[in-house]
Amino acid sequence: MNNGGLLSPASEKRHKATWTRYLFLPIPGITARRLRILVPNTAALRYHFALFSSSSSLPTPRLRRKRSQFFACLACLALVLTILILSKGHRRHGGWSQTWSSSPNEVEPSTLVFQREDLQRVWKWEVASGHYPSFRGIPEQIAFNELLTNPAIPHRPKGAKPPKYRSTSSPDIFVGTHGVGSKRVYLDLQSQPPNTAYPPRPVPGSVADMDIIMKHCDFSQNKYVRDCLEVLRTGGGLDNGDRIRRGKMDDWHYIYLEQPHDDIDQDTLSMNTSNDTIQQILHPAYARTSTSTTNTQDEAGIDEANAGLKKKSGVEWEEQVVLPEPVPYTPTYALSSSSSHSHPACDPDNPRLFHMFWAGSFTDKPYLALLSFLFTQNTGIHLKEWPQDSRVCRPQFWLWINPGPAASVPNPSAVRDMYEQLKSNPWAAPFLHPRFKDIIHFKLWNTTEQLDGVPEIKNEWRKYRNSLFNSGGQVINVKPADSTTEGGNFTSSAAAQTEDDMTRRMGSKSIDTYDKLSVILSDMARFILCHRFGGIYLDADTLLLRDWEELWGWRGAFAYRWSRLPRYNTAVLRMNKGSALGTFLFRTALKNGLDFHPMTVSLYTQDAFLEGLLLRLPDALFDSAWLNSEDYQRDRPPQPFFTLFTDFFDTPARDGAAPQALGFRGFFRGAYSYHFHNFWWKPFDPARNWPDLGPRFKAGEDIARAALRKEKLRKLMATRTVTGQDTKPTSPTNETLVAHDEEEDKVENDKRDLDWSVVLKRTFEAYIRGERPNMYGEWLQW
């Protein structure tokens, strides 16, 4: 019987008598569901107290009202405590990298340990080496009283210094740099008909103008990811054959070539940095004085040389920092004539190395990252042989394998063991094929060896060995198992340890067994690898979506924005080998507990006014779904529209037609990569969760499918044991499961609406099988 939505007398009595009730709260990004939490029922308090009052003549109505208010306050307090407990649990399971709670508006303790003169030397070194190809100004706080020459931006006639070189508030301070570099020719990248089915490869030696990209993509300037991606794909020629936009698009051309000036003496331009400037970088003025003090103080005891800088509390200023001589800047067009390197198109000071760090068993995650590398980058596998005189610098992918838990030490046979495991792993074995030997390399990670390879900290890092796992100030103490262990080793090798022990985990197998130590170790590893070897670091949950040629051409260092926050995310990190910026970061990190969490690194550069040297690119370039997942820009989202990162793996039914209909071309077209934010335990393709690479790699496929059959059998037996069924006469045989697999291979048994993760995996695999070309129309040649 419908009573207009009111409760029946019996239901109302039960509702009042129950001590708890459910409270339904909206979930951001999910409109069809609500979060149900159990809270105290204030109606029950009033109901039971009324019964007590009616059976006793002691409490007065006034007292009853006071007690009711008192119990209501207790109920509110219980509700607050419940929410706090739930939010704390959510943070615990939200991934180690997401636990930073500081707001960018909060006043953080200073991390600065460098004096102003040292900061000036860092800036001079980076500018002189061509690592600042930008017209953006230098912060006033650096306080340059001289104009720096910049070999990475075009030459402009000298003469009276334009006002733009100087600070408007302090005319004695220079905030600009004077360009002495090559001229820039901006490109309109389109293939001519009839070759318009696929986009053209980027021009070798081309460079991305980050000033133009920031102009169109900077979230702090209210730029939309959707609009940014249109500029990126149009200016990069990725809309080749599909261009709908009409009109003059010169402002969207962000890719250029450096070319020599016709009317300027090239010898003059090649003098990148004066000898006086080099001497100031190598030998600062305070180091040449005979006095023991490095600071000048006025009568009030204020350090005039460092006025406006806030030093880290409790530490002394960093002593004289040793910097190498700046690297001479060589434009790409001059590399072949000036380099004695075996690959004339490659700059030995700017190696094209992709680094990735992986812990635990090799799975479909690094597998797909490597496939995306082969599908998008100009590796030359579409050619029978790589020409020695090629104008293309061939990129390489170095995958660093940590063979045990993050706190363990590799044994002497670790390299041999690593390759044996890779050979037997169906996800890894295909990349050991001789066809990929020049472009994909597996490297053994050894924490002690790597830290000893960083000259800035090799003599001091061991004092932090018990607290080496420091991320955002959250330290996990890992004590050494044996004080006599050689080389600062931390624990014995992994042996029969459970997943409950955080220090023994090898990769994240579920949300409850998240490998926090490996995540923290990777925070540090990326800076070590880029500083020691140069190149670009990628998190293992990254898929490449286009050729990175013009990003390699831009010589500066970069990471990208942490969604809405003006902080770094170092899931993509570019740094130059042995740079002054790297020296600054490692020395600063050493004085701050070797903390390399991206939020902490943001403080390092912010406190030192060096943010311009580690450019914070818009997340649209590498993480296009992030803002939407945090409820930003949903009024004009990009394609595809993800409200949650899980939409990549479990695409909502309302959008389920898009992945198959649009394919790879419809997946954040224009972005350089996609970051799917963890979810290591979710398979890309549940229906075909094996390396589906065709007959050439059939052996690995059979191993993977046999492992799946074994797991199915184990789960089935476990289920029957729990339910009490007799498994002996009805247990399926391996032959039965093989037949079942063959039945599942029928298209009728595939998922009807394929998710985005499935479409990308099957697209990359089809390229390896030889069923389709890569994204640039090139067919793999075996």
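Helix axes here are lines fitted to C-alpha atoms over the stretch in contact, and the angle between two of them runs from 0 to 180 degrees between N-to-C directions. With that in hand, the packing around one helix of this predicted model can be read off quite easily. Helices H4 and H15 pack at about 145°, and their axes lie 8 Å apart. On the H4 side, the contact is made by Leu119, Val122, Trp125 and Glu126, while H15 brings in Ala580, Leu581 and Phe584. Sorted by class, that makes 6 nonpolar residues, no polar ones and 1 charged one.

H15 has a second helix to deal with, namely H13. The axes of H13 and H15 come within 10 Å and cross at roughly 145°, and this crossing is left-handed. Here Phe527, Ile528 and His531 from H13 meet Gly582, Thr583, Leu585 and Phe586 from H15. The residues of the H13 contact split into 4 nonpolar, 3 polar and no charged.

So how many residues of helix H15 are buried? The count is 11 of the 11 residues in the stretch 580-590, so H15 is largely enclosed by the rest of the structure. The buried set takes in residues of quite varied kinds, including Gly582, Thr583, Phe586 and Arg587. As for what does the covering, the list includes helix H4 (116-128), helix H13 (516-533) and helix H16 (598-608), along with strands S15 (557-562), S16 (565-575) and S17 (614-617). Over in H13, Cys530 has a relative accessibility of 0%, so Cys530 counts as buried too.

Cysteines come up again with the disulfides, of which the structure holds 2. One of them joins Cys217 to Cys228, with 2.0 Å from S to S. The angle about the S-S bond is 85°, and the link of Cys217 and Cys228 is right-handed. Cys217 sits in helix H5 (residues 210-217) and Cys228 in helix H6 (residues 225-235), so this pair ties together parts that are 11 residues apart in sequence. Are these two cysteines buried or exposed? Both Cys217 and Cys228 turn out to be buried.

The other disulfide connects Cys346 with Cys393, at an S to S distance of 2.1 Å. This one is right-handed as well, because the torsion about the S-S bond of Cys346 and Cys393 is about 110°. Both ends are found in loops: Cys346 in the one between helix H9 (335-338) and strand S8 (353-359), and Cys393 in the one between helix H10 (364-376) and strand S9 (396-402), so the link ties together parts that are 47 residues apart in sequence. Cys346 and Cys393 are buried. If the bonded cysteines of the chain are numbered in sequence order, the pairing reads 1-2, 3-4.

Next comes a small sheet. Three strands form an open sheet in the order S5-S7-S6, with antiparallel pairing. Strands S5 and S6 stand at the edges with a single partner strand each, so one side of each is left without a neighbour in the sheet. In general, strands of a sheet pair through backbone hydrogen bonds, either parallel or antiparallel. Between S6 and strand S7 (residues 255-259), which run antiparallel, there are 2 bridges. Val207 stands opposite Tyr256 in S7.

The backbone has a few quirks in its loops, too. Going from Pro193 to Pro194, the peptide bond is cis, with omega near 10°. Pro194 belongs to the loop between strand S5 (183-186) and strand S6 (207-208). Another cis peptide bond runs from Gln639 to Pro640, where omega is near -5°, and Pro640 lies in the loop between helix H17 (626-629) and helix H18 (658-662).

Two further loop residues have a positive phi without being glycine. For Asn222, phi is near 65°, and Asn222 is found in the loop between H5 and H6. For Ser563, phi is near 55°, and the loop in question is the one between S15 and S16. Which of the words buried and exposed fits Asn222? Its relative accessibility is 66%, and the cut-off for exposed is over 50%, so Asn222 counts as exposed. Ser563 has a relative accessible area of 0%, so Ser563 is buried.

Terms used:
Residues are numbered from 1 along each chain as its sequence is written. This is a predicted model: local features need pLDDT of at least 70, side-chain atom pairs count only at pLDDT 80 or more; totals for chains, interfaces and linings use all residues. Side-chain values use heavy atoms; hydrogens and water are left out. A disulfide is a pair of cysteine sulfur atoms within 2.5 Å. Helices (H or I, at least four residues) and strands (E, at least two) are DSSP runs, numbered from the N terminus. Buried means under 20% relative accessible area, exposed over 50%, partly exposed in between (1.4 Å probe, protein chains only). Contact means heavy atoms within 4.5 Å. Ala, Val, Leu, Ile, Met, Phe, Trp, Tyr, Cys and Pro count as nonpolar, Asp, Glu, Lys and Arg as charged, and the others, Gly among them, as polar. A crossing is left-handed if the near helix is turned anticlockwise from the far one by less than a right angle, and right-handed if clockwise. Two strands pair if DSSP finds at least two bridges between them.
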